[in-house]
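Trainee: Got a minute? I'd like to go through this structure with you.
Mentor: Sure, pull it up and ask away.

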Amino acid sequence: MKISLSVIIVSFKNIGILRDCLDSVEKFNDIGDGLEVIVSDNSPDNTLYDTIGSEYEWVKIIKNENIGFGAGNNRGYEISSGEVLLFLNPDTVLVEPVFGFALEKFESDKNLAMFGVQLIDRNYENNDSFFIMDKYGIFSTMRSHYARRTGKYRDGKMFLCGANLFVRRSSFEQAGRFDENIFMYKEEADLIKRIKLHSSAKKTAFFKDKRIIHLEGGTEDADSSKAITQLSRLTEADRYYAEKWNLSYLKILKQRRRFHRFKLFVLRCLFKRKRAVDTKKIINFLNSKIEDAKRKNG
């Protein structure tokens, strides 16, 4: 049978969450042999590769170095066959069939290039599923939060969360795939911009009538060191993305700092001392990045 949809999952270390994801994909497979599942493993050793390979014979698995989210997805795409691609995070769990729905959406709308569905947490409460494009300040964050909670996605003004990206294969190819210069973060916004420029199908959409659990969306960072590590990767992605799309990296940093200063004020008012201390460390990190950016700008 011809493959209609390829699910591509980039994995890193955690076998448990990947098992849950794969089990849910198998449980809610509503297109039978028209589905293929590819795991692109970026883990530092072969434990996950060997385990998944032996436990899930119906899954194709490839081994990479730790090459990043976008590059890992590109490696999976290279061995895929489906005319529709689903780039799915390993920390997601399907709760209902979505594959037949995806095929119908792309078939009925030839201008549809990419879409996402409603992400939810363990308690089935709505999670972040999309964000405002290239806006990082306090009011933009509040508008983005309101839009996400009400499901009001605006094509061209927002970008979809990379935990679930349903993409037309031809659009992905015409856009040039994921930019492998981005290790993590900003991949979705970057890809959407290139779809708008280069794909024959240009529309992106959000469908809130289908849901997928996204575990990471319902958790907080365990400690400030993890948050700083993530922020370091994010600001590096900000720098590259800003240069690529002729944006001000310094402005992005200042907007991020402004948001965290506001967050610090709120936390102090609520007597959330530990979280306030962690947020202060984030502000100090952003201060150092801002000073570095000022020096480079002369």
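Trainee: How much space lies in the second largest pocket?
Mentor: About 190 Å³. A pocket is an open set of points on a 1 Å grid over the protein atoms alone, where a 1.4 Å probe fits and protein lies on both sides within 12 Å along at least five of seven lines. The volume is the space filled by probe spheres set on the points, with points joined across faces, edges and corners.

Trainee: Anything to know about the model itself?
Mentor: Yes. This is a predicted model, so local features need pLDDT of at least 70 and side-chain atom pairs count only at pLDDT 80 or more, while totals for chains, interfaces and linings use all residues. Residues are numbered from 1 along each chain as its sequence is written, and side-chain values use heavy atoms, with hydrogens and water left out.

Trainee: Back to the pocket. Which residues line the second largest pocket?
Mentor: Lining residues have an atom within 4 Å of a point. Among them are Asp-134, Tyr-136, Ser-140, Leu-247 and Arg-258. Helix 9 (residues 249-269) gives the largest share, 4 residues. Helices (H or I, at least four residues) and strands (E, at least two) are DSSP runs numbered from the N terminus.

Trainee: And how many of that lining are nonpolar, polar and charged?
Mentor: It has 3 nonpolar, 4 polar and 4 charged residues. Here Ala, Val, Leu, Ile, Met, Phe, Trp, Tyr, Cys and Pro count as nonpolar, Asp, Glu, Lys and Arg as charged, and the others, Gly among them, as polar.

Trainee: New topic. How many disulfides turn up in the whole structure?
Mentor: The search finds 0. The cut-off is a pair of cysteine sulfur atoms within 2.5 Å. For Cys-21, the nearest cysteine sulfur is that of Cys-161, 14 Å away.

Trainee: Is Cys-21 buried or exposed?
Mentor: Buried, at a relative accessible area of 0%. Buried means under 20%, exposed over 50%, and partly exposed in between, with a 1.4 Å probe and protein chains only. Cys-269 is partly exposed, at 45%.

Trainee: What touches Pro-90?
Mentor: Cys-21, for one, along with Ile-9, Val-10, Ser-11, Ile-17 and Leu-18, leaving aside neighbours within four places in sequence. Contact means heavy atoms within 4.5 Å. Pro-90 sits in the loop between strand 4 (84-88) and strand 5 (92-94). At 16% relative accessibility, Pro-90 is buried.

Trainee: Now the core. Which members of the largest nonpolar core touch the most others?
Mentor: Phe-87, Met-114 and Phe-172, out of 43 residues. Such a core is a set of buried Ala, Val, Leu, Ile, Met, Phe, Trp, Tyr and Cys residues joined through side-chain atoms within 4.5 Å. Another core, of 37 residues, lies apart from it, and includes Leu-22 and Phe-99.

Trainee: What about Phe-130? Where is Phe-130?
Mentor: In strand 7. Phe-130 is buried, at 0% relative accessibility. Its contacts beyond four places in sequence include Ser-144, Tyr-153, Cys-161 and Phe-206.

Trainee: Last one. What is phi for Tyr-124?
Mentor: About 65°, a positive value, although Tyr-124 is not a glycine. Tyr-124 is in the loop between strand 6 (112-120) and strand 7 (130-132). It counts as partly exposed, at 42% relative accessibility. Lys-186 also has a positive phi, near 75°. That residue, Lys-186, is buried, at 10%, in the loop between helix 6 (169-175) and helix 7 (187-198).
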